[in-house]
Each structure stands twice: as C-alpha cells, then as structure tokens.
Amino acid sequence: SMYAMASLIAPLTATVFRLLDLNWRMAFLVLALWPWLLLAGIGQYVKRSATDRTMETAIPLYANEWKTVWLFALMTAGYLWAEIAVTTRIVLWLRADLGYQPNTANFVMSCFFAMFLGGRLIFSVIHFPTWSNWDVLLGSSFLSALLLAAGLLWHPFFLVLSGLPMAPFYPVAMDQINSQFGEKGNQALGFVIGFGSLSVVFMHLVIGWTTDHWGLTHSLWICVGCMAAVFVALLLRPRFSRA
C-alpha cells in the first residue's frame with residue numbers, strides 16, 4: 001500500500017506545483033529535500049538492535065523448483081509490464097491521444113491510484129478465506145485485462161477501474177512465493193524481483209519503439225496482452241508446476 005499511496009499523492013502534488021507556477025526543477029528539488037527532513041526528524045528515535053543477527057547458509061533451489069521460480073518470474077514480469085506501462089503513460093496518453101488538459105489527466109491518474117490503493121487496503125484488512133492465492137491471481141489478471149481493453153476501446157473510466165483488480169496481484173504473488181518455498185523463499189523472491197526489475201527496462205524500450213511506429217494507444221495494447229498472457233499462464237500452471 002505504501003507504493004500505491006505514494007503514487008496517489010504524486011500526481012496531486014504535481015498539480016499543486018503547477019498551480020503554484022513552480023517548474024519541474026523546483027518541484028523535484030522540494031520532493032528530494034522532503035525525505036531528508038523526515039530523516040532528520042525521526043532518525044534520533046531509531047535504535048539499532050544490540051545483538052548481531054547470525055548469517056544463515058542459503059539452501060540451493062532444486063531443478064524442479066527452478067521451473068516454478070521461472071513461472072513466477074515470467075508472470076510477475078508480465079504484470080509489471082502492464083502496471084508500469086499504464087501508470088507511466090496514462091497522462092501522456094490522455095493528453096496526446098484524447099486531448100485532455102494537464103490537470104484533468106493528472107486527476108484521472110490520481111483516480112487510478114486511488115482505486116489501486118483501495119484494492120491493496122481491502123486485501124490488507126479483509127480476509128477472504130474461501131479464496132486461495134491462485135484464485136486471487138487468476139481473478140486479478142482476468143479482470144485487469146478486461147478493464148484495460150475496455151478503457152482503450154471505449155472510455156478511460158474502465159482503465160481507472162482496472163486499478164482495483166490489479167492491486168492485489170503483486171503482493172499476493174510475493175506471499176505465494178514465500179509460503180510455497182518456505183526457507184528458500186528469500187532466494188526465490190530475490191530472483192523473481194530482480195528478473196521483474198530488469199524486464200521493466202526492456203518494457204520501456206518496447207513501449208517507446210511501438211509508440212514511435214504505431215502510436216501510444218496501440219502500444220498500450222501490450223498491457224492488455226501481458227495481463228491476458230499471465231491469466232493463460234495461471235490456467236496452464238498445473239501442467240508446468242507441482243505448486
């Protein structure tokens with residue numbers, strides 16, 4: 001929820017800076033100084049543990065476990081492609097392709113992250129005992145793909161709504177990895193997170209190239225394709241994994 005809350009506040013802050021006639025350089029300067037001020041205020045209350053933590057020997061993953069790790073890595077990367085491509089391009093898409101004004105486009109993005117934050121808080125506070133993690137991942141990927149497609153075809157309102165089902169995917173996937181691999185969870189998580197981060201770099205290149213050749217609206221269909229591919233991978237999971 002921390003990421004979702006920060007993403008919700010960011011466009012609202014940008015709008016405030018715009019209304020105050022501050023340029024981007026000054027806005028970034030203010031935002032860069034703010035964490036240092038917080039650190040100076042709370043740093044004196046943070047105390048280190050008196051006892052040193054003992055280093056644990058890492059237990060290697062077996063070959064059959066690596067198959068499951070790769071499945072998680074590819075699914076998580078597909079989700080990150082969709083989420084980050086949408087969140088980093090939505091304002092540009094609204095302004096360049098749909099003719100929205102800057103403040104209106106920022107407001108729409110804020111609404112998306114409000115749904116995103118709401119979804120994460122719902123799954124943090126409310127427990128759904130009849131749903132397994134796999135059920136949540138299936139529903140999240142299917143509804144996200146459906147609403148993203150509706151947003152591109154008909155109205156951005158549906159794209160905003162996609163933030164709600166998209167919200168639980170990443171934390172639930174991380175929880176599933178941790179519970180499934182147990183004492184090897186740190187190794188599996190490290191690989192999945194690292195692979196996803198590297199894939200996002202490639203995603204920006206792909207989105208940029210497709211935008212130059214076919215336009216931003218067409219390139220955003222990659223997000224729909226990624227979530228649809230994740231959904232199909234989850235349906236086929238029993239064939240490739242014993243999880």
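**View 1. Phe 123 and its ring partner Phe 128 in the predicted model.** Phe 123 counts as partly exposed, at 29% relative accessibility. Phe 128 is partly exposed too, with a relative accessible area of 28%. The ring centres of Phe 123 and Phe 128 lie 5.1 Å apart. Their planes meet at 45°, so this pair is tilted. The tilted class covers plane angles that are neither under 30 degrees nor over 60.

**View 2. Tyr 79 against Phe 169, one of the aromatic pairs.** The count of aromatic pairs comes to 15. In the pair shown, the ring centres of Tyr 79 and Phe 169 are 4.9 Å apart. The planes stand at 15°, so the pair is stacked. Tyr 79 belongs to helix 3 (residues 63-96). Phe 169 belongs to helix 8 (residues 169-181). The pair therefore ties together parts that are 90 residues apart in sequence. Tyr 79 is buried, at 0% relative accessibility. Phe 169 is buried as well, at 1%. Both values fall under the 20% cut-off for burial.

**View 3. An aromatic cluster of Trp 70, Phe 191 and Phe 195.** Ring pairs link these residues.

**View 4. The largest nonpolar core, with Leu 148 and Ile 177 picked out.** The core holds 56 residues. Leu 148 and Ile 177 touch the most other members. Several helices each supply at least two residues of this core: helix 3, helix 4 (102-125), helix 5 (133-153), helix 6 (156-161), helix 8, helix 9 (185-214) and helix 11 (221-240). Helix 3 gives the most, with 16 residues.

**View 5. Contacts around Leu 148.** Residues up to four places away in sequence are not counted here. Leu 148 touches Val 86, Leu 159, Ser 162 and Met 166. Its contacts also include Cys 223, Val 224 and Met 227.

**View 6. Helix 8 packed on helix 9.** Two packed helices are described by the angle between their axes and the distance between the axes. Here the angle is about 145°. The axes of helix 8 and helix 9 are 8 Å apart. Helix 8 passes helix 9 in a right-handed crossing. From helix 8, the contact uses Tyr 170, Met 174, Ile 177, Asn 178 and Phe 181. From helix 9, Gly 185, Ala 188, Leu 189, Val 192 and Ile 193 take part. Ile 177 thus appears in this contact and in the nonpolar core of View 4.

**View 7. His 213 and the backbone of Trp 209.** His 213 lies in helix 9. A polar atom of the His 213 side chain sits 2.8 Å from the backbone oxygen of Trp 209. His 213 counts as partly exposed, at 48% relative accessibility.

**View 8. Ser 219 and its polar partners.** Ser 219 is placed in helix 10 (residues 216-219). The residue is buried, with a relative accessible area of 1%. Its side chain makes a polar contact with the side chain of Thr 211, at 3.1 Å. The Ser 219 side chain also reaches the backbone oxygen of Leu 216, at 2.8 Å. With residues up to four places away in sequence left out, Ser 219 touches Ile 207, Thr 210 and Thr 211. Thr 211 is thus a touching residue and a polar partner of Ser 219.

Note on methods:
Residues numbered from 1 in each chain as written. Predicted model: local features only at pLDDT ≥ 70, side-chain atom pairs only at ≥ 80, totals over all residues. Heavy atoms only, no water. Phe/Tyr/Trp six-rings, centres within 6.5 Å; stacked < 30°, edge-to-face > 60°. Helix = DSSP H or I, 4+ residues; strand = E, 2+ residues; numbered from the N terminus. Buried < 20%, exposed > 50% of the residue type's maximum accessible area, 1.4 Å probe, protein only. Core = buried A, V, L, I, M, F, W, Y, C linked by side-chain atoms within 4.5 Å. Contact = heavy atoms within 4.5 Å. Polar contact = N/O pair within 3.5 Å; in protein donor to acceptor, adjacent residues only side chain to side chain. Axes fitted to C-alpha atoms, helices over the stretch in contact; angles between N-to-C directions. Left-handed = near helix turned anticlockwise from the far one by under 90°.
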